[in-house]
Amino acid sequence: MGEGLVERLRREPDLDLTVTWLPFELHPDTPQEGVSLLQKLGHLSAPQLEMMMAELRQRAAGLGLPFNPPPTLFNTRRALQLAEFGRDRGRLDHLHRPLFQAYFVDGANLSDEGVLRRVAEAAGLDADAGLAAVREGRYARRLADAAAEADRYGVRAVPTFIINDRYKVVGAQPYEKLREILRTVAREG
């Protein structure tokens, strides 16, 4: 959903945004085959989880994004490595939407090679080369470095926006709130 917010904010004439997306594993200990979202978020009851999802669906709809996440949380490490492969080829922005679609709309396992192949192809990448990079763990060091940077900023949720290395905005904030925060920061210089 962060991407949807950023896409819309980029169209604001008074905001001059430079965006750098960084990989972040929210739940790195999640097995590749996944785990029940309710189990992973054990502090929430089923009704609380459904209320949270309903709110996220509403926010996504406001950004023109479909949102129907599966009841299973999957490990994203392989998808993040594929994204780094795409970054090196200037295609990272083309990967966001297919990755979002795969998980949050289709409920696909982002650790599955077939899913990653389809995402890579949708982004115009050489899927064989991308999957080889993922299998080899070619971007594992970069993910570790990004995790260390996230830790320095105290990132514990996605999306998290770090603005001018001074401000941190956590969560899929309502569009108007995030826009006003950015305008305030811009006025401060």
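**Aromatic rings and the nonpolar core**

I will begin with Phe104, which is partly exposed, with a relative accessible area of 27%, and I should say at once that we are looking at a predicted model. Phe104 shares helix H5 with Phe100, and the two lie 4 residues apart, which is about one turn of the helix. Phe100, unlike Phe104, falls under the 20% limit for a buried residue, because its relative accessible area is 10%.

How many aromatic pairs does the structure hold? There are 5 of them, and in the one formed by Phe100 and Phe104 the ring centres are 5.0 Å apart with the planes at 35°, so this pair counts as tilted. Phe104 also pairs with Tyr103, and here the arrangement is edge-to-face, with 4.7 Å from centre to centre and 80° between the planes. Tyr103 itself is buried, at a relative accessible area of 8%. If we follow the ring pairs further, they link Phe67, Phe74, Phe100, Tyr103 and Phe104 into a cluster.

Let me turn now to the largest nonpolar core, which has 46 residues, and in which Leu82, Leu95, Leu110, Val119, Phe161 and Leu178 touch the most other members. The elements that contribute two or more residues to this core include helix H1 (2-10), helix H6 (113-122), strand S3 (160-163) and helix H9 (175-188). Which element gives the most to this core? That is H5, with 6 residues. As general background, nonpolar side chains in soluble globular proteins tend to be buried together.

Val119 is a useful residue to select on your screens, and if we leave aside its neighbours within four places in sequence, its contacts are Leu82, Leu95, Pro98, Leu99 and Ala102. Two of these names, Leu82 and Leu95, stand beside Val119 in the group of core residues that touch the most other members.

My last stop is Leu5, which is found in helix H1 and is buried, with a relative accessible area of 2%. Not counting residues up to four places away in sequence, Leu5 touches Leu63, Phe161, Ala172, Gln173, Tyr175 and Leu178. As for distance along the chain, Leu5 and Glu176 are separated by 171 residues in sequence, while their C-alpha atoms are 9.8 Å apart in space. Tyr175, one of the residues that Leu5 touches, also has Arg8 lying over the face of its ring, at 3.7 Å from the ring centre.

How values were computed
Residues numbered from 1 in each chain as written. Predicted model: local features only at pLDDT ≥ 70, side-chain atom pairs only at ≥ 80, totals over all residues. Heavy atoms only, no water. Core = buried A, V, L, I, M, F, W, Y, C linked by side-chain atoms within 4.5 Å. Buried < 20%, exposed > 50% of the residue type's maximum accessible area, 1.4 Å probe, protein only. Contact = heavy atoms within 4.5 Å. Phe/Tyr/Trp six-rings, centres within 6.5 Å; stacked < 30°, edge-to-face > 60°. Lys NZ or Arg CZ within 6 Å of the ring centre and 35° of its normal.
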